[in-house]
Amino acid sequence: DDVVANAERFHTMRRKRTFFQYSLELAGQEEMAGQDFILGFGHGFQSLTGWRGNIPSGLASTNPEGSASEQESLTWNNELCMPTPEFSSDHAVILARAYQ
């Protein structure tokens, strides 16, 4: 099962359309998609880990030594429609750590 291809399991954008947008036929519909990625290349990387963020208070409290799943448990709410008053983007913050 390809996790990234399944929007229910992996998404970086989740928003609900409103009546203030030009496409009224889309109002009230929710969209989820994996649209934001970090690409890296080159020599010397032993590993690259990443996690998503949409909880500002969690972004400030991450542990540099923690695992990606530990980090994401602090920074990501899978049920949250974005934007919110606390998080003003409809796309997640994507964070990564590269090891040489």
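Where is the place of T75? T75 sits in helix α2, which covers residues 68-75. The model described here is predicted.

## Helix α2: T75 and S73

Two residues of helix α2 are taken up here. T75 belongs to this helix, and its relative accessible area is 0%, so T75 counts as buried. Once neighbours within four places in sequence are left aside, T75 is in contact with W51, R52, G53, N54, I55, G58, L59 and T62.

S73 also has its place in helix α2. Is S73 buried or exposed? The relative accessibility of S73 is 54%, and S73 therefore counts as exposed, because the cut-off for that class is over 50%. T62, one of the contacts of T75, can be set beside S73 as well: the two C-alpha atoms are 9.6 Å apart, while S73 and T62 are 11 residues apart along the chain.

## The salt bridge

How many salt bridges does the structure hold? There is one salt bridge. Side chains of opposite charge can pair when their charged atoms come close. Here the pair is R52 and E72, whose side chains meet at 2.9 Å, N to O. R52 is part of strand β3 and E72 is part of helix α2, so the salt bridge ties together parts that are 20 residues apart in sequence.

The two partners can also be described by their accessibility. R52 has a relative accessible area of 7% and is buried. E72 has a relative accessible area of 22%, which makes this residue partly exposed. R52 is also among the residues in contact with T75.

## The largest pocket

Rolling a probe the size of a water molecule over the atoms shows where empty space is left. The largest pocket holds about 150 Å³ of space. Its lining is made up of 13 residues, and those closest to the centre of the pocket are I38, G50, W51, I94 and L95. Two or more residues of the lining come from each of the elements β3 (47-53) and β4 (93-99).

Which element gives the most to the lining of the largest pocket? Strand β3 does, with five residues. By class, the lining consists of eight nonpolar, three charged and two polar residues.

## Strand β3 across these features

Strand β3 appears in more than one of the sections above. R52, the strand's partner in the salt bridge, lies in β3, and β3 gives five residues to the lining of the largest pocket. W51 is named both among the residues closest to the centre of that pocket and among the contacts of T75.

Note on methods: Residues are numbered from 1 along each chain as its sequence is written. This is a predicted model: local features need pLDDT of at least 70, side-chain atom pairs count only at pLDDT 80 or more; totals for chains, interfaces and linings use all residues. Side-chain values use heavy atoms; hydrogens and water are left out. On a 1 Å grid over the protein atoms alone, a cavity is a set of points where a 1.4 Å probe fits but cannot get out, and a pocket is an open set with protein on both sides within 12 Å along at least five of seven lines; lining residues have an atom within 4 Å of a point. Grid points are joined across faces, edges and corners, and a volume is the space filled by probe spheres set on the points. Helices (H or I, at least four residues) and strands (E, at least two) are DSSP runs, numbered from the N terminus. Ala, Val, Leu, Ile, Met, Phe, Trp, Tyr, Cys and Pro count as nonpolar, Asp, Glu, Lys and Arg as charged, and the others, Gly among them, as polar. Buried means under 20% relative accessible area, exposed over 50%, partly exposed in between (1.4 Å probe, protein chains only). Contact means heavy atoms within 4.5 Å. A salt bridge is a side-chain nitrogen of Lys or Arg within 4 Å of a carboxyl oxygen of Asp or Glu.
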